[in-house]
Amino acid sequence: MPLYNLTNRPRRLRRTSALRAMVQETQLTVNDLIYPVFVMEGENLKQEIVSMPDCYRYSLDLLIKEVKEAYDLGIKAIALFPLVTDDKKDNEGTESYNPNGLVQRTIKAIKAEVPEITIITDVALDPYSPFGHDGIVVDGEILNDETVAVLAKMAVSQAQAGADMVAPSDMMDGRIGVIREALDEEGFTHVGIIAYSAKYASAYYGPFRDALESAPKFGDKKTYQMDIANSREAITEVELDIAEGADMVMVKPALAYLDIIRQVRDYTNIPVVAYNVSGEYAMIKAAAEKGWIDEKKIVLETLTSMKRAGSDLILTYFAKQVALMLK
Ligand code: PBG
């Protein structure tokens with residue numbers, strides 16, 4: 001039996017907008033969006049990030065308002081990133097598990113004001129490290145197991161403050177298992193792990209590193225983040241993270257890695273998350289500012305492509321804008 005008959009006319013199902021809606025295969029909804037936010041010390045501060053127009057670093061008091069607005073638009077989760085002042089940075093990232101640190105205070109304040117929103121915290125050393133690397137540096141090398149021990153403390157400290165999920169973005173080997181065990185030992189069996197499993201050594205993170213002043217002070221991240229040319233290796237990372245206890249797995253960046261999202265989707269049944277990263281955001285904003293593209297349409301098309309590729313959830317700086325558009 002032939003799969004298609006030659007009298008089939010696909011345009012029949014595109015004739016009216018009602019028909020098109022009926023056969024639409026992918027829907028982007030507000031439930032798919034995770035909103036990454038930047039918090040800084042101080043009061044009444046809202047600083048635009050130069051390379052990310054319309055995206056701001058907020059002091060805690062103003063961040064709470066921003067998160068409330070996001071929640072009122074229907075956004076179910078935020079991902080929290082801190083701008084740590086230089087005096088708090090050290091090679092061991094000790095500030096990352098300070099119970100009164102910026103992230104910990106922010107989690108508590110958001111939980112008090114917007115208790116229903118899901119708080120996802122970033123687990124990595126780079127914002128806390130004077131070297132801007134995701135691990136402890138000795139003689140120019142990034143130590144693995146010593147770093148993982150700190151990451152476990154950081155994750156427990158974030159859970160103690162009230163984080164709903166922790167998201168290790170560091171790419172050290174074995175960290176998911178160690179973090180899972182540490183959380184369980186401290187009674188946080190209900191706190192989930194979103195593993196940045198396939199995180200590439202990408203040039204698309206540039207604007208984010210501006211936002212957090214966290215660019216590596218020497219070298220690059222290629223000894224821990226993945227080679228941009230690899231795809232089978234992404235599945236190896238995903239396999240390991242799931243075996244170690246990840247509740248969700250992430251592919252990052254998203255747009256230049258739609259093939260990886262698809263492969264991960266086909267490999268696993270647990271939720272797949274895509275990170276529409278800062279450089280992807282900046283490219284759209286810059287071209288739209290010049291009037292060269294239609295920003296709203298491009299944003300919806302871009303995020304829909306990530307869902308179509310197989311991601312269940314998308315971290316995106318466009319979250320609020322999209323939530324408004326979908327209303
Ligand atoms: C660091 C981290 C990075 C991003 C999220 N967590 C940057 C990096 O790995 O250097 C990038 C996010 C973005 O570009 O939007 N652990």
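Biologist: What volume does the second largest cavity have?
Modeller: About 80 Å³. Keep in mind that this is a predicted model.

Biologist: Which residues line the second largest cavity?
Modeller: Glu41, Pro82, Leu83, Val84, Thr85, Lys88, Glu95, Gly101, Leu102, Val103, Gln104 and Tyr128. By class, that lining has 6 nonpolar, 3 polar and 3 charged residues.

Biologist: Which helix gives the most to that lining?
Modeller: Helix 3, with 3 residues.

Biologist: And the largest cavity, what volume has that?
Modeller: About 150 Å³. The structure holds 3 cavities of 30 Å³ or more.

Biologist: How many residues line the largest cavity, and which lie nearest its centre?
Modeller: The lining has 19 residues. Nearest the centre lie Asp126, Ser169, Lys199, Phe208 and Lys252.

Biologist: Which elements give two or more residues to the lining of the largest cavity?
Modeller: Strand 9 (192–199) and helix 6 (206–212). Helix 6 has the largest share, 3 residues.

Biologist: How does the lining of the largest cavity divide by class?
Modeller: Into 9 nonpolar, 3 polar and 7 charged residues.

Biologist: Let's switch to strand 4. Is it covered or exposed?
Modeller: Mostly covered. Strand 4 runs over residues 77–82, and 6 of its 6 residues are buried.

Biologist: Which residues sit on which side?
Modeller: Ala77, Ala79 and Phe81 are on one side. Ile78, Leu80 and Pro82 are on the other. Both faces are covered.

Biologist: Why do the side chains split up like that?
Modeller: In a regular strand, side chains alternate between the two faces of the sheet.

Biologist: What pairs with strand 4?
Modeller: Strand 1 (residues 33–40) pairs with strand 4 in the parallel sense, over 6 bridges. Strand 5 (residues 118–123) also pairs with strand 4 in the parallel sense, over 4 bridges.

Biologist: Which residue in strand 4 does phenylalanine 38 stand opposite?
Modeller: Phenylalanine 81. On the strand 5 side, isoleucine 78 stands opposite isoleucine 119.

Biologist: How does the chain cross from strand 4 to strand 5?
Modeller: Through helix 3, residues 102–113. This β-α-β crossover is right-handed.

Biologist: New topic, pockets. What volume does the largest pocket have?
Modeller: About 240 Å³. Its lining has 17 residues. Closest to its centre are Tyr35, Asp54, Glu66, Tyr317 and Lys320.

Biologist: Which elements supply at least two residues each to that lining?
Modeller: Strand 1, strand 3 (52–59), helix 9 (278–289) and helix 11 (319–326).

Biologist: And how does the lining of the largest pocket divide by class?
Modeller: There are 11 nonpolar, 1 polar and 5 charged residues.

Biologist: You named Lys320 there. What does lysine 320 meet in a salt bridge?
Modeller: Glutamate 69, at 2.8 Å, N to O. Glutamate 69 lies in helix 2 (residues 60–72) and lysine 320 in helix 11, so the pair ties together parts that are 251 residues apart in sequence.

Biologist: Why does lysine 320 count as buried?
Modeller: Because its relative accessibility is 16%, and buried means under 20%. Its partner, glutamate 69, is partly exposed, with a relative accessible area of 43%.

Biologist: How many salt bridges are there?
Modeller: The count comes to 19.

Biologist: What does arginine 175 meet in a salt bridge?
Modeller: Aspartate 241, at 3.4 Å, N to O. Arginine 175 lies in helix 5 (residues 175–185) and aspartate 241 in helix 7 (residues 232–244), so the pair ties together parts that are 66 residues apart in sequence.

Biologist: Are arginine 175 and aspartate 241 buried or exposed?
Modeller: Arginine 175 is buried, and aspartate 241 is buried too.

Biologist: What about arginine 180, where is that and what does it meet?
Modeller: Arginine 180 is in helix 5. Its side chain meets aspartate 247 in a salt bridge, at 3.9 Å, N to O. Aspartate 247 is in the loop between helix 7 and strand 10 (248–252). The two are 67 residues apart.

Biologist: Which of those two is buried, and which is partly exposed?
Modeller: Arginine 180 counts as buried, at 13% relative accessibility. Aspartate 247 is partly exposed, with a relative accessible area of 37%.

Biologist: Which residues do salt bridges with shared partners join into one network?
Modeller: Asp54, Lys285 and Glu295. Asp54 also came up earlier, among the residues closest to the centre of the largest pocket.

Key. Residues are numbered from 1 along each chain as its sequence is written. This is a predicted model: local features need pLDDT of at least 70, side-chain atom pairs count only at pLDDT 80 or more; totals for chains, interfaces and linings use all residues. Side-chain values use heavy atoms; hydrogens and water are left out. Buried means under 20% relative accessible area, exposed over 50%, partly exposed in between (1.4 Å probe, protein chains only). Two strands pair if DSSP finds at least two bridges between them. A crossover is right-handed if, with the strands pointing away from the viewer, the path from the first strand over the helix to the second runs clockwise. On a 1 Å grid over the protein atoms alone, a cavity is a set of points where a 1.4 Å probe fits but cannot get out, and a pocket is an open set with protein on both sides within 12 Å along at least five of seven lines; lining residues have an atom within 4 Å of a point. Grid points are joined across faces, edges and corners, and a volume is the space filled by probe spheres set on the points. Ala, Val, Leu, Ile, Met, Phe, Trp, Tyr, Cys and Pro count as nonpolar, Asp, Glu, Lys and Arg as charged, and the others, Gly among them, as polar. A salt bridge is a side-chain nitrogen of Lys or Arg within 4 Å of a carboxyl oxygen of Asp or Glu.
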